[in-house]
Amino acid sequence: MTIDRTDSRELSLDILMEILEKGAYSHVVLKEALGKYQFLSKSDRAFITRVTEGTLERLIGIDWILDRYSKTKVKKMKPFIRTLLRMSVYQILYMDRVPDAAVCNEAVKLAVKRRFGGLKGFVNGILRTVVREKAQLAAAFSGTQAGEGKDAAAIRGVPDHVRYSIPDWLFSMWTKELGRDKALGTAKAFFRERPTTVRCNTSLASMERIQESLTEQGVSWEASPYPAKALLLKEYDYLESLEAFQKGQIQVEDLSCILAMEGASLKEGDHVIDVCAAPGGKSLHIAEELKGTGMVEARDLTEKKIRLIEENIRRTGFSNIRTRVMDARVLDEASVEKADVVLADLPCSGLGIIGKKPDIKLHMTPEKIESLVGLQREILSTVWRYVKPGGILVYSTCTIHQAENQDNVDWFLESYPFERVDLAGRFGALVQAGSLKEGWMQFLPGDGPWDGFFVAVLRRSSTFHPHADGQIGAGA
């Protein structure tokens, strides 16, 4: 069954309303909607996904345009009309195969259908203006000359943060911390096509067999030039429908995460505690690396999160991994000095995965980040005690922010009995940065086919001389 394209637009609009007007998470709402409407054709689901994610990706730039062509500013528009215009402008400017006239006409139809007929002229007028100025806007947002059209002066000099649809405060922060070139490279990278990266569980099937299975099901795949066990997938419908996924032979995991685990110095027989494990990708990675030996404790805060981990464990059938509901902020006395490796992949601002979850940049604020830094330090001040003397603590986040990353590492080393692990040479020519000798890496989306990710590898030392202002918790 193929849904009418008008209905595809209406469903996209409803999804965007949930995200933009009610604060729902994009990946959750989109997944639930596509799951509910599984009867839709592959092309219709692709259309809905593209319109939803694309509108979120380009939202700041779209609002900048609307504010220039509408006497009623975006913030003062009725929520339905605001969302309808946003998704329609995205289609006009970024979906070449969708006729402009069709976008305008269907938007007017939706306005009437949803009882906003009195505003159909407003909707039509704004969208027709965007169509008329389409070439000017394309030039302005690509950084080339805007030309000499009627409204050319109004769209010249588009600020970088608007061009790449990044909040001004965030782009300024990245420019300060990374430099302008790196900030621009990071912002641009969020717009690139994003294949799904999977790690292959070669203990369950060979790379050749996994590749054959994917090919048989019509999946376009590419071997990663970095970790030998990673594949980049494209042109599949539902991941859950793939035989390799159902049999636990592949697990979604970003390249940066796969590489980060290479720095953990895992050994067969290790006892590993993953303190914030859901949905379990890194825990499963570790379990496979241990080759059936040792034990991985995958912990998280709620039963719901633990169920996600357990679903993945059932698919793989790994026996050296168990789950536990636990608040990482609360000390587990029974685990003190029991772990060879503690993985602390902690809650963070998520600024490194904006390419996958574009609504993050719309909801995150400096105040929320400050609160997250406090949470990260609270967890670290507890879970370090689980590491045996001589054992390893791996601290990681999926963000690009000095306060959550390098500053937290510096604070931790001043306060607790750990030292940096020299990572130089562990990754060949892949990562060449001075930070490796200091025990940490900051992956940037503009530097490779990965998300933004930070990892620090620290070893618990037998002797410790804290900074004068540092404090050690009981039992150091």
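Which strands does helix α13 lie across? The legends below take this up in a predicted model.

**View 1. Helix α13 and the strands it crosses.** Helix α13, formed by residues 207-216, lies across β1, β2, β3 and β4. Relative to β3, helix α13 runs at about 0 degrees.

**View 2. An open sheet of four strands.** The strands follow the order β2-β3-β1-β4, and their pairing is antiparallel. At the edges are β2 (220-223) and β4 (250-252), each of which pairs on one side only. On average, and with direction ignored, neighbouring strands of this sheet are turned by 35 degrees against each other.

**View 3. The pairing of β1 with β3.** Strand β1 covers residues 196-200 and strand β3 covers residues 230-234. Four bridges join the two strands in the antiparallel sense. Arg199 stands opposite Ala230 in β3.

**View 4. Helix α16 against β1 and β4.** Residues 281-289 make up helix α16, which lies across β1 and β4. The helix runs at about 25 degrees to β1.

**View 5. Cysteines without disulfides.** The structure holds zero disulfides. Cys398 is in no disulfide, and the nearest cysteine sulfur belongs to Cys348, 3.5 Å away. A disulfide requires the two sulfur atoms to lie within 2.5 Å, so a pair at 3.5 Å does not count as one. Cys398 is partly exposed, with a relative accessible area of 22%. Cys104 has a relative accessible area of 0% and is buried.

How values were computed:
Residues numbered from 1 in each chain as written. Predicted model: local features only at pLDDT ≥ 70, side-chain atom pairs only at ≥ 80, totals over all residues. Heavy atoms only, no water. Buried < 20%, exposed > 50% of the residue type's maximum accessible area, 1.4 Å probe, protein only. Pairing = 2+ DSSP bridges. Axes fitted to C-alpha atoms, helices over the stretch in contact; angles between N-to-C directions. Contact = heavy atoms within 4.5 Å.
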